[in-house]
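This report walks through one protein chain, helix by helix and then residue by residue. Please keep the sequence and the 3D view open while you read.

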Amino acid sequence: MKKSVTSFILLLLVIALLVVTAVYGVRIGDKGLKGIFDEGAVTLGLDLVGGSSITLEAVIPETENTDGTSDEPSVATSAMMDQVVAVLRNRVTAAGYTEAQVALVSSPTGGSNRVRVDIPNVDDPEVAARYLGTTAQLMFATLNEEEQMFDIILTGEQVKDATATLQANELGQQQYVVALQFDSSARASFADATERTSKTGEPIYILLDGAVISAPVASERIDSTECVISGNFDAASASELANLISSGNLPCDLQVVEKRAVGASLGAEAFERAMLAGLIGIILVMIFMIAVYRLPGLVASLALIAYIAITAICIVLFKVNLSLPGIAGIFLTIGMAVDANVVIFERIKEELNFGKSLKAAVKSGFNRAFTAVIDSNITTLIAAVVLWIYGTGAIQGFAITLFLGVVISLFTALLLTKSLLNAFVGLGVRNIKLFGAKSADENL
């Protein structure tokens, strides 16, 4: 009995701690986690807070179709624009704007050589335009002083990966750098160039779109497929450069034809209404569960509170961009969390009606319902993964919240609910009518 009381109190304290953390956050020293209602804790989508809308037009060379075939120019242009959309989408995703929308739009002449990018929470269209329009053509080169031109060592296409990271400099101070990884085709030329320049003391120029961003001097031959770009980087500039390089080169130049700030299509009022509707739905679900399943319904309601708190913490922790579709995904998984409890509780009632003891019925109910609950949730997880991989914008936001919600609901339904029910049984609850069973047999 004493052990059950302790377990029950600990479980209630854990739920209370989760709720407090979700609402008020937690702080350790100068760092911590914000509460769900704190300013800036949740990144809202374009439909709720607005942002910037940028329209870019591809400047397509007249000699674009130079592969020796007789393809129509429109076919080549279509393939090029698909690549432009893919690169821009990679850029906004790499920057953390998973709710951004990238789509082809028609130009006044009827062609499909324009792309509109809507980015939430970016109030200055100029910043977004510069970020999207940069072609990020990276080159490593040496200066040919006689001809006053650069001799290219390797190009951006030969760079496999770029990552912003902290690294100690010669003085032992931590500084931001961009670590690059080349493909094997660049290794020989890079090694020859560093061997030559290390003897003469001339720098190897690193150029981005023709502009020198760094000019390090190699102290020795670098026979490797890895390199580090160092300079006066801060965290933001290093990450931006790494994102631009990683997302790939644009197949053509882009010209900004329109840039404007846009207001929220739905706004704070719609967000508040959605949250109010969700709160009403949660309360009605709790009332239904308690009315139908009694004590297990109360346990399910406590687990549901824990589920909501954990979900809120994850949204803040993983910086999920929350749009109305994302909110819909959260409320959908709330219903699914209760659905798992319904399957389990119905099985417990059947076991009790068959004459099993309360303790045995609870154990058997969870064991027999386990497979059905897992199977149904795995299919939903598969759907969420597919939506995240192949979806874009708000669809990815929905997929993320759906995936998180299913995982958390499995935890609360199979672990937290089970622990709470076992704690109640251990406290000496013997009346099986409190579990909704018809039988009066209450022997344990």
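In this predicted model, the axes of H9 and H10 come within 8 Å and cross at roughly 145°. The crossing in which H9 passes H10 is right-handed. On the H9 side, the residues that meet H10 are Met 336, Ala 340, Val 343, Ile 344, Arg 347, Ile 348, Glu 351 and Leu 352. On the H10 side, the residues that meet H9 include Leu 358, Ala 361, Val 362, Gly 365, Phe 366 and Ala 369, and further along the helix Val 373, Asn 377 and Thr 380.

Many of these names return when burial is considered, for the buried residues of H10 include Leu 358, Ala 361, Val 362, Ser 364, Gly 365, Phe 366, Ala 369, Val 373, Asn 377 and Thr 380. Leu 381 and Ala 384 are also buried in H10. A general rule helps in reading such lists: an α-helix has 3.6 residues a turn, so residues three or four places apart point the same way.

How far does H10 reach from its first C-alpha to its last? This helix, residues 358-390, has 33 residues and reaches 47 Å, which is close to the 48 Å expected at 1.5 Å a residue. H10 nevertheless has a kink of about 40°, centred on Phe 370. H9, with 30 residues, reaches 44 Å from its first C-alpha to its last, close to the 44 Å expected. After H9 comes Gly 355, whose phi is positive, near 100°.

H9 has a second partner to consider. Helix H8, residues 295-317, packs against helix H9, residues 324-353, at an angle of about 150°, and their axes are 10 Å apart. Because of that angle, H8 is roughly antiparallel to H9. Here too the crossing is described by its hand, and H8 passes H9 in a right-handed crossing. The contact is made from H8 by Pro 296, Gly 297, Ala 300, Leu 304, Tyr 307, Ile 308, Thr 311 and Ile 315, while H9 contributes Ile 330, Thr 333, Ile 334, Val 338, Asn 341 and Phe 345.

One of these residues can be followed more closely. Ala 300 lies in helix H8, and it counts as buried because its relative accessibility is 3%, under the 20% cut-off. Leaving aside its neighbours within four places in sequence, Ala 300 is in contact with Met 289, Asn 341 and Phe 345.

Just ahead of H8, Arg 294 has its place in the loop between helix H7 (267-293) and H8. The phi of Arg 294 is near 60°, a positive value in a residue other than glycine. Is Arg 294 buried or partly exposed? At 42% relative accessibility, Arg 294 counts as partly exposed. Leu 434, found in the segment after helix H11 (394-426), is likewise partly exposed, with a relative accessible area of 38%. When neighbours within four places in sequence are left aside, Leu 434 is in contact with Tyr 293, Arg 294, Leu 295, Pro 296 and Val 429.

A further residue takes us to another part of the chain. Met 81 is found in helix H3, residues 73-94, and at 1% relative accessibility it counts as buried. Apart from neighbours within four places in sequence, Met 81 is in contact with Ala 58, Leu 104, Ser 112, Asn 113, Arg 114 and Val 115.

The table sets out separations along the chain beside separations in space for three pairs of residues.

| Pair | Apart in sequence | C-alpha to C-alpha |
|---|---|---|
| Met 81 and Ser 112 | 31 residues | 7.9 Å |
| Ala 300 and Leu 421 | 121 residues | 9.3 Å |
| Leu 434 and Arg 294 | 140 residues | 5.6 Å |

Finally, consider the chain as a whole. It holds 11 helices and 15 strands, and buried residues make up 42% of its 444 residues. Among contacts between residues at least 6 apart in sequence, 71% join residues at least 24 apart.

Notes: Residues are numbered from 1 along each chain as its sequence is written. This is a predicted model: local features need pLDDT of at least 70, side-chain atom pairs count only at pLDDT 80 or more; totals for chains, interfaces and linings use all residues. Side-chain values use heavy atoms; hydrogens and water are left out. Helices (H or I, at least four residues) and strands (E, at least two) are DSSP runs, numbered from the N terminus. The expected span of a helix is 1.5 Å times one less than its number of residues. The bend at a residue is the angle between axes fitted to the seven residues ending there and the seven starting there. Buried means under 20% relative accessible area, exposed over 50%, partly exposed in between (1.4 Å probe, protein chains only). Axes are lines fitted to C-alpha atoms, for helices over the stretch in contact, and angles run from 0 to 180 degrees between N-to-C directions. Angles under 35 degrees count as roughly parallel, over 145 as roughly antiparallel, 65 to 115 as roughly perpendicular and the rest as oblique. A crossing is left-handed if the near helix is turned anticlockwise from the far one by less than a right angle, and right-handed if clockwise. Contact means heavy atoms within 4.5 Å.
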